[in-house]
Amino acid sequence: MMRVSGYLTGVPKKGSPRSRRLFGVTVSETFWGALFPALFILPFIACLVSPSLAEETIAIQSDILEYEAGTNTYTASGHVKIQKGMATMEAARAVYDEKTSDLSAEGSVTYNDPDVSIKAERAELNLESKTGKLYKAEIFSKKDNYHITGLEIEKKGEKEYAVNRALFTTCDAPVPAWCFKGRDVDVVVGDRLRARGVTFHIKDLPVLYTPYLSAPIERERKTGLLFPAIGYVKSKGLHYEQPFFWAISENRDATFLMDVYSKRGIGEGLEYRYIEQDGSRANLWSYHLRDKELGRDFWDLRWVYENRDKTDAITGYLNLNYISSRDYYKNYNPYIINKTMRFLDPASYLSKTTERFIESTAEVSMGSGDSRLFLTSRYLIDLKDGTDDSTIPQRLPEIGYFLSPRKVGPFVFSLSTALSNFWREANASGQRLDIYPRFAYSFGGDVVVTQVLGLRETAYSLHNADTYGSSPHREGLDYSITATTRLVKDYSTFIHIIEPSLGYTFIPSSNSNLPLFTSTELYTKTSKIGLSLNNRFMDSNGEFMNIRVTQAYDSFKGDRAFLPLGLEVAIRRPLGLRGEASYDPNTGRIETINSDAGISISKASFTIGERYNRSEDILFYSFGVNYIHSKTVSVEGNFWYDAKRSELKDIIAKLKYQKQCWGATLIFTKKGRDYSVSVLFNLLGLGTIKI
């Protein structure tokens, strides 16, 4: 047996052992007199991890290194350090068999590379196959902050580990805030984790159990079961939602959903998504539920397709929305239950939940320069109680051509033309051809005057239209003139810009005995004078306020000649405010109000909004608050009050608590008389569990 004693690589003291690098391996030697035995054993040590000297350099350091020639075994003890590339292993003692490439290490064994850190009391590894066993070990994935601990961990490959019984967490504390404990655990670092008989622990207390767990432990998408949702809805009882995610390819995926309500029945859902290199993208959502209490089937279908990135090519757009019954939204409001439909703020939520119509649109168009040829269809579903969908004119289909304004001599010419087919079960239906060329001419400097002359021909071919005849038509002419100017006043801290505009529109005559399909039929006899006054306020940071007032007078309206007075306000600083309102001077009543305001004070932000429409008999108020107490605790609440029914209609309130490796959100939702309560646990690295 030969022995070479030494120290860790460093600056040698006088007369002390020094480190030498030979054959790609660093060992310690005792003075130059040990050079010959070192030359004898170092070629064999170079094969400790790699059979080829051409492979990556290996460095070995220890206090004592011994070689047993009869067994071809190397024993290193005292501050053992083995380094290969970016990987380093340290131990108190290590034994290596050069024939089998088996390495055993003991005594505070540690392993580190850019991806993984391992601690163990003892390790038995084969450095050729990168397999072996770790005893009383902990594996830490640096990229995703995963800790996996077990009494005996089998290393099945470079990144794969199997554990009979293991603990899994992303918490850094010695006693983790949460962890999974299970058996037959199989882990591929940076890929996935699978286990059986799994219990979820908060501190040392088991709170949940599942017979099987499969979780992706990577940032990329992974096929498998997603975390289920468990909750309670007043009108539907206990709710269990189990999604399954399918990563079809890099640009395609799908989510399958099983939706169970203890009082109402079982629902099935599918969401399919893709995006192509040419810019086209699509999202398909379909859902079916058999309501055993009502004895009815509910269907919900949404399909959005878009390919409109190219201007000089054939492009398409599809937004399909279908529900089998308007009662579906009453019983299964998608903004409360279905996670695929989310709102951004109280204003957008209120806008969505108070919409009267569900609209489906499909369009194919071909552009060329400043012109566009299109084929489009539109279908509407009225959600208002007591309405008859058979009277709604459905545009199925419409083909049209649009020419953007272009210079023709001193004039600007534009053209829009469309051939439309309108279908409905009741009242008049049929085809309409509308041709509308326009000529514009502008002149002036400080005061700019613009004149527009339009010629319009509209012809019909109708069915079930005794009142209008089978072939009504309308020839029209319209003329408008508008004068605009700008007045600027520069104050010391801001600039005030006044933009007045005075216009006149004249349509001498029009056939009013026409069926009402769209706004095209509203082209009626007009003699209207309109005044607009736009006030803009700007400082060094840009525009901070805009106020616009409009008023029109139509002499053909008789004793109701004054049209609604309009007011639009937009304030950006220091208070965020957006509002618009219309006032009818003939009745002395406000017709519509839409407003939203927001302000932030220290850690809190507040929003308030109003939606009022007299003709639709709607009056809603919305209020929102968001308070961030710290990085750990925050509160968010959104409330909608129906003033017509004098009730707090909708509530969505959230209390969030977030720590290093976990978070919890308590959510209360209310829609009408229905409500639900749920708790979401967000586990770092694993996503969200909803309870």
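Two strands count as paired if DSSP finds at least two bridges between them, and strands here are DSSP E runs of at least two residues, numbered from the N terminus. This is a predicted model, so local features need pLDDT of at least 70 and side-chain atom pairs only count at pLDDT 80 or more, while totals for chains, interfaces and linings use all residues. Residues are numbered from 1 along each chain as its sequence is written, and side-chain values use heavy atoms, with hydrogens and water left out.

**View 1. The β6–β7 hairpin turns at Gly85.** Just two residues sit between β6 and β7, and Gly85 in that turn has a positive phi of about 60°. The strands run antiparallel, with 10 bridges joining β6 to β7 (residues 87–97). Look for Ile82, whose bridge partner in β7 is Met89.

**View 2. β5 and β6 make a hairpin too.** Here four residues lie between the strands, and Asn72 in the turn shows a positive phi of about 55°. Five bridges tie β5 (residues 64–68) to β6 (residues 73–84), again antiparallel. Leu65 faces Ala76 of β6.

**View 3. Glu521 sits in a loop between β32 and β33.** The flanking strands span 495–507 and 526–539. Glu521 has a relative accessible area of 8%, and buried means under 20% (1.4 Å probe, protein chains only).

**View 4. Glu521 has polar partners in Arg432 and Tyr460.** Its side chain makes polar contacts with the side chains of Arg432 at 2.8 Å and Tyr460 at 2.5 Å. A polar contact is a pair of N or O atoms within 3.5 Å; within protein, one must be able to donate a hydrogen and the other to accept it, and residues adjacent in sequence count only if both atoms are side-chain atoms.

Notes. Buried means under 20% relative accessible area, exposed over 50%, partly exposed in between (1.4 Å probe, protein chains only).
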